[in-house]
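Student: I should like to learn how to read a strand and a ligand site in a protein model. May we work through an example together?

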Amino acid sequence: MTAISSADPIPTGGPLDDAQAQLAAAVAHLKCPPGLHEMLAMPRRELQVAVPLRRDDGTTAVYSGYRVQHNLSRGPAKGGLRYSTAVDLDEVRALAMWMSWKCALVDVPYGGAKGGIAIEPRDHSDGELERVTRRYTSEILPIIGPDMDIPAPDIGTDERTMAWIMDTYSTTKGYTVPGVVTGKPISLGGSLGRATATSRGVAHVALMALSSTGMEASKASAAVQGFGKVGRDAARLLNEAGVSVKAVSDVDGAVFAPDGLDISRLSAHVDREGTVSGFDGAEPLAPADLLTLDVDVLVPAAIEGVLTEHNAHDVQASIVVEGANGPTTQAADEILTTRGVTIVPDILANAGGVIVSYFEWVQSNQAYQWREAEVRDRLEERMTRGWRDVADYAGAHSLTYREAATALSVSRVLEAHKLRGLYP
Ligand code: NAD
């Protein structure tokens, strides 16, 4: 095995370039033959569908939908479903590849997948969102199922979306199939603790990263970009652990309180107003400035590609915990690493979601619900193990946490490939 060379090409494009560059570095480190690299670089299965929608006013609109299954060697495909106008095939490919590595890293028996519709959910009524979800589900139905590919919530989707998918799938089968999705409402077989699992994992590794650098949580500060399913509870849980959360943002704006935000008051404001903007317990902040604020921990928990070569030099945090998938471009990663910033990579930092999704799938398939304390203990145990595996591997091979996490994951996927052999 060799250390990953800094001479490896730095791509300048979108998330797929970043994902491919990370894979290339990992296979070079593992001395993986070119044929196997090619197999890992190419998604196993891709489906692009037109999703027509009858709008409330009687007109028709058509949206592009995607489902990409990157790798199936370690088990059924698993990954979220995203509703955003930024969704395109390359973004979904990148996110599907990262899911393969994430599942392998925290040792859940899945391959990676991702799906999306290029739609702005905020421009649609509940009825329209239900119809578009059901139509998309019927279009991708041949390739999903509890043993094939199991969607979950991501940007712009939630437990209600999962209930519609489960119902559409179950109706066509003629019986209820709760294991076809995770992130379902509790009353439909969702797992206790799933809704906060990603955030809990983010907070857990952030606290481990703080302690590994000798910082006390009660003396540390943080900024969180994104106040959705991941960012909101990550901010709350960090705050509960004693960290002063000085700034948060969402797509509409950012707020800043030098002595720390009152997260529960801010949450109540967001429940009322739908945005962090206008919160009377803080000052407004230019959203871009949140990323370069003078804090110890920066948690990008919104979208990909926000830390770039243009702002990485100005990041003041000493720890970046990637709540979002792919928030740091390859170029920014190099700059931050050179500057000594510790990056806890997405495939580790936000793996809590897929860990508890796995627990939910097990519970759904067994028709048996675990206690929330059990879910939390098992989540914490797996996140701690993931952290230790990555830290040990990084130390043993002189790699960054991202290089170590990717190499470790890719080696596990390769191991499955080798054991299964190539058919025919
Ligand atoms: P979400 O839709 O619930 O929330 C996204 C948040 O980001 C919202 O507050 C939105 O306003 C904000 N946002 C969007 N664009 C922004 C911008 N340009 N600047 C600042 N804020 C912006 O989505 P989520 O489920 O919280 O997902 C966030 C990230 O976490 C995504 O990268 C997703 O892939 C990743 N992730 C989510 C889960 C999960 O369980 N939901 C699991 C793993 C990873």
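Tutor: We shall take a strand and its partners, and then the ligand; please note that the model is predicted.

Student: Which way do the side chains of strand β10 point?

Tutor: In a regular strand the side chains alternate between the two faces of the sheet. In strand β10, residues 297–300, Val297 and Val299 point one way, while Leu298 and Pro300 point the other way. All of these residues are buried.

Student: Which strands pair with β10, and in what sense?

Tutor: Strand β6, residues 221–225, pairs with β10 in the parallel sense over four bridges. Strand β11, residues 319–321, also pairs with β10 in the parallel sense, over two bridges. Val297 illustrates both pairings: Ala222 stands opposite Val297, and Ile319 in β11 is the bridge partner of Val297.

Student: Let us turn to the ligand. Which residues come nearest to the ligand?

Tutor: Of the 22 residues around the ligand, the nearest are Asp154, Thr198, Lys229, Val251 and Asn325. By class, this shell has eight nonpolar, nine polar and five charged residues.

Student: What lies at a short listed distance from the ligand's oxygen atoms?

Tutor: An N or O atom in the side chain of Lys229 is 2.9 Å from a ligand oxygen, and a polar side-chain atom of Asn325 is 2.8 Å from a ligand oxygen. For Ala302, a backbone N or O atom lies 3.3 Å from an oxygen atom of the ligand. The ligand taken alone exposes 830 Å², of which the protein buries 83%.

Student: Where does the ligand lie with respect to the domains?

Tutor: Domain 1 (43–179) and domain 2 (197–349) both give residues to the shell, so the ligand lies between them.

Technical notes
Residues are numbered from 1 along each chain as its sequence is written. This is a predicted model: local features need pLDDT of at least 70, side-chain atom pairs count only at pLDDT 80 or more; totals for chains, interfaces and linings use all residues. Side-chain values use heavy atoms; hydrogens and water are left out. Buried means under 20% relative accessible area, exposed over 50%, partly exposed in between (1.4 Å probe, protein chains only). Two strands pair if DSSP finds at least two bridges between them. A residue is near a molecule or strand if one of its heavy atoms lies within 4 Å of it. A polar contact is a pair of N or O atoms within 3.5 Å; within protein, one must be able to donate a hydrogen and the other to accept it, and residues adjacent in sequence count only if both atoms are side-chain atoms. Accessible areas come from the Shrake-Rupley method with a 1.4 Å probe; for residues, only the protein chains shown count as cover. Ala, Val, Leu, Ile, Met, Phe, Trp, Tyr, Cys and Pro count as nonpolar, Asp, Glu, Lys and Arg as charged, and the others, Gly among them, as polar. Domain bounds come from an automatic or database domain assignment.
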